[in-house]
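Student: Hi! I'm new to this one and would like a friendly walk through it. Could you show me what we're looking at?

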Amino acid sequence: NLNHRTHFLVASRGNDLGYLPQLVVVSRALKIADMYPEEQVVAIIPIEAETPPTEIKRMGLSNIEYIDALLNSKKLMDEMSAFSQIVSFHTFGHAAIVEGTFLDAVGDKDVRWYPNDSQSKRLIGHFTEDAFATLNGCNAGHQLAPYFSKLWKIPVSGALTGTHFETVYEDGQYY
């Protein structure tokens, strides 16, 4: 529902992190859905060769749609800008001060969402009054978080150094 309160979670390609960003997104999506059952959660997860889709499905995601497309800032904004009531926005994966958030990859070349990317303006006016964002990736708090906060007029937090990813497993422990 494009006009319903929506939480967006975006994983980057894991590279050296394996598929931990994807698993963390699934864990967070399930927690948000549990806490706010009347709201919807959209998880955008690039599936890479090392990611076992069965593991992601087994964790409890429903309504999975596979889109064979490179996840870049334009594609991300195409998906998100269709929604009129974004409550929260979260990224998980690699990030860097100058390069912003890493989204996907073509071979060994990372696809990045740079600070001041013109695509980001497409979300202006799509956030609810109580909206916020978290950028979970190394150094995303230096340029990207302040830029998005000023642009979107919402609180945005980002790591100033490193980010450590863990996910909950069937035994209830985080690894």
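Tutor: Sure! One term to begin with: a residue is called buried when its relative accessible area is under 20%. Keep in mind as well that this is a predicted model.

Student: Okay, which residues of α3 are buried?

Tutor: In α3, the buried residues are S73, L76, M77 and M80. Looking down the axis of α3, they fall within an arc of 95 degrees, so they line one face of the helix.

Student: And what covers the buried residues of α3?

Tutor: The cover includes the strands β1, β2 (40–44), β3, β5 (100–106) and β6 (109–113).

Student: What does L76 touch, leaving aside its neighbours within four places in sequence?

Tutor: L76 is in contact with V10, I44, L71, L103 and W113.

Student: How many residues are in the largest nonpolar core?

Tutor: That core has 27 residues, and L76, F89 and W152 are those with the most contacts inside it. Two or more residues each come from β1 (6–11), α3, β3 (86–92), β7 (127–136) and α4 (144–152). The largest share, 6 residues, is given by α4. Another core, of 11 residues, lies apart from it, with A11, V24, A29 and M59 among them.

Student: Why would nonpolar side chains be together like that?

Tutor: As a general tendency, nonpolar side chains in soluble globular proteins are buried together.

Student: Is anything nonpolar out on the surface? Which residues make a patch there?

Tutor: I47, I64 and Y66 make a nonpolar surface patch of about 290 Å². Of these, Y66 is found in the loop between α2 (53–58) and α3 (73–80).

Student: Switching to charges: how many salt bridges are there?

Tutor: The count comes to 8 salt bridges. One of them pairs D104 with R13, whose closest N and O atoms are 3.3 Å apart. D104 is in strand β5 and R13 in the loop between β1 and α1 (20–35), so this pair ties together parts that are 91 residues apart in sequence.

Student: Are D104 and R13 buried or exposed?

Tutor: D104 is buried, at 8% relative accessible area, and R13 also counts as buried, at 17%.

Student: What about a salt bridge in α3, where is K75's partner?

Tutor: K75 meets E79 in a salt bridge, at 3.1 Å from N to O. The two are 4 residues apart in helix α3, which puts about one helical turn between them. K75 is partly exposed, with a relative accessible area of 24%, and E79 is partly exposed too, at 28%.

How values were computed: Residues numbered from 1 in each chain as written. Predicted model: local features only at pLDDT ≥ 70, side-chain atom pairs only at ≥ 80, totals over all residues. Heavy atoms only, no water. Patch = residues over 30% accessible without salt bridge, like charges linked within 9 Å, V, L, I, M, F, W, Y side chains within 5 Å. Areas by Shrake-Rupley, 256 points an atom, 1.4 Å probe, with all protein chains shown as cover. Salt bridge = Lys/Arg side-chain N within 4 Å of Asp/Glu carboxyl O. Core = buried A, V, L, I, M, F, W, Y, C linked by side-chain atoms within 4.5 Å. Buried < 20%, exposed > 50% of the residue type's maximum accessible area, 1.4 Å probe, protein only. Contact = heavy atoms within 4.5 Å. Arc of directions from axis to C-beta.
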